[in-house]
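Me: I should like to learn how to read the features of a structural model, one at a time. Could we take each general idea and then turn to the case at hand?

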Amino acid sequence: MLKEQVLTYAYILLYIGLSSGQIFFNKWVLSSKEINFPYPLGLTLLHMVFSSVLCFVLTKVFKIMKVEEGMTTEIYATSVIPIGAMFAMTLWLGNTAYLYISVAFAQMLKAIMPVAVFILGVAAGLEVMSCRMLLIMSMISFGVLVASYGEINISWIGVVYQMGGVVGEALRLIFMEILVKRKGLKLNPISLMYYVSPCSAICLFIPWIFLEKSKMEAHGTWNFQPLVLTLNSLCTFALNLSVFLVISHTSALTIRVAGVVKDWVVVLLSALLFADTKLTVINLFGYGIAIAGVAAYNNLKLKKEASRVSVDDSQLAQSET
């Protein structure tokens, strides 16, 4: 029992460490003059290609992990492709934002994610508007606005990129919920990466040809440090695996709570690691309000999931009698 608890906490710490480290790693690769790789689209494309190849090797060549069955052409076309496209959009725009705004401010803007998910969920018929949820959404929005007001060197271009990434992630989560609820297909992260990564790579490859390929050739960026970029891609893949380990040993809510802890770790550490990060009291006050709203949102979602499971169990018990 004690060993299992220690192992669970180890997985959670691994996720927090990898997630925080990946954010700092991406920022360093994109903005460091030593690496000379200010190409967020190219970096994201590299991540997806690396993930696609590694997933194929692990599942089909060495067969260490198994891809879940049940995927059809119709499901792939109507669900996986939109998920892959939105995932590509999220990573591309989110990484691009690091060229214009600090890591800490980017994390603060990400706190508005539940608001975007809820609004799109209501539009898709997956969520129901309520006074309590409206209050929580207003609380999160107010906190993010206060945090933005406290930002000293704000770049609106960076804000637009980051908010675009937030919308992309919200759409991805909505498509994921549709995949599970309406299509009835549940995939573990490895299976999801196996199907989604190639689609995301194709979605990124097309704009990369028009937007970054010529710039990379003109600046001779093909002479990049392969070891650094390989390690960066490997960290991205390891992060996705750590999500699988945490969820399999705990629950989806645990990954949300760990994500909130990770956000605070990133915000505070970025002030120490990067010169472009200058936190103010207004920053932290606003972010604290937003995080409290996110915690309330997660708690409300947990209660809804628990009540739905209890209803399903009671219906199952009645059908057996």
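Me: In which helix is the place of Thr230?

Reply: The model is a predicted one. Thr230 belongs to helix α10, which spans residues 226–249.

Me: Is Thr230 buried, partly exposed or exposed?

Reply: Relative accessible area decides this, with partly exposed covering the range between 20% and 50%. Thr230 has a relative accessibility of 41%, so it counts as partly exposed.

Me: How far apart are Thr230 and Phe50 in sequence and in space?

Reply: Separation along the chain and separation in space are read independently. Thr230 and Phe50 are 180 residues apart in sequence, while their C-alpha atoms are 8.3 Å apart.

Me: What does the secondary structure of the whole protein chain come to?

Reply: The protein chain has 12 helices and 0 strands. Its pattern along the sequence is accordingly α-α-α-α-α-α-α-α-α-α-α-α.

Me: What share of the contacts in the protein chain join residues at least 24 apart?

Reply: Among contacts between residues at least 6 apart in sequence, the share is 86%.

Me: How much of the protein chain is buried, and how much surface does the chain expose?

Reply: Of the 321 residues in the protein chain, 46% are buried. The exposed surface comes to about 16,500 Å², and carbon and sulfur atoms supply 70% of that area.

Me: How many residues of helix α4 are buried?

Reply: The general idea concerns helix geometry: an α-helix has 3.6 residues a turn, so residues three or four places apart point the same way. Helix α4 runs over residues 103–110 and is mostly covered, with 7 of its 8 residues buried. Those buried residues are Val103, Ala104, Phe105, Ala106, Gln107, Met108 and Leu109.

Me: Why does Thr59 count as buried, and what does Thr59 touch?

Reply: The cut-off for buried is under 20% relative accessible area. Thr59 has a value of 8% and is therefore buried. This residue lies in helix α2. Setting aside residues up to four places away in sequence, Thr59 touches Met65, Val67, Ile190 and Tyr194. Its side chain also reaches the backbone oxygen of Cys55 at 2.6 Å.

Me: Where does Asn26 lie, and is Asn26 buried or exposed?

Reply: Asn26 lies in helix α1, residues 2–31. Its relative accessible area is 8%, so Asn26 is buried. Apart from neighbours within four places in sequence, Asn26 is in contact with Leu43, His47, Asn95 and Asn232.

Me: What is the phi of Lys63?

Reply: Most residues other than glycine have a negative phi. Lys63 has a positive phi of about 55°, although it is not a glycine. Lys63 sits in the loop between α2 and α3. With a relative accessibility of 63%, Lys63 counts as exposed.

Me: Where is Glu68 found, and which residues does Glu68 touch?

Reply: Glu68 is found in the loop between α2 and α3. It is partly exposed, with a relative accessible area of 29%. Leaving out residues up to four places away in sequence, Glu68 touches Lys186, Leu187, Asn188, Ser191 and Tyr195. Glu68 and Ile190 are 122 residues apart in sequence and 8.9 Å apart in space, C-alpha to C-alpha.

Me: How is empty space found, and which residues line the second largest pocket?

Reply: Rolling a probe the size of a water molecule over the atoms shows where empty space is left. The second largest pocket holds about 210 Å³ of space. Its lining consists of Pro38, Tyr39, Pro40, Leu41, Trp92, Thr96, Leu99, Tyr100, Tyr161, Leu211, Glu212 and Lys215. Helices α2 (40–61) and α3 (73–97) each supply at least two residues of that lining. By class, the lining divides into 9 nonpolar, 1 polar and 2 charged residues.

Me: How many cavities of 30 Å³ or more does the structure hold, and what lines the largest cavity?

Reply: The structure holds 1 cavity of 30 Å³ or more. The largest cavity has a volume of about 30 Å³. Glu151, Ile152, Asn153, Asp276 and Lys278 form its lining, which divides into 1 nonpolar, 1 polar and 3 charged residues.

Key. Residues numbered from 1 in each chain as written. Predicted model: local features only at pLDDT ≥ 70, side-chain atom pairs only at ≥ 80, totals over all residues. Heavy atoms only, no water. 1 Å grid on protein atoms, 1.4 Å probe; cavity = no way out; pocket = protein on both sides within 12 Å on 5 of 7 lines; lining within 4 Å. Points joined across faces, edges and corners; volume = space filled by probe spheres on them. Helix = DSSP H or I, 4+ residues; strand = E, 2+ residues; numbered from the N terminus. Nonpolar A, V, L, I, M, F, W, Y, C, P; charged D, E, K, R; others polar. Buried < 20%, exposed > 50% of the residue type's maximum accessible area, 1.4 Å probe, protein only. Polar contact = N/O pair within 3.5 Å; in protein donor to acceptor, adjacent residues only side chain to side chain. Contact = heavy atoms within 4.5 Å. Areas by Shrake-Rupley, 256 points an atom, 1.4 Å probe, with all protein chains shown as cover.
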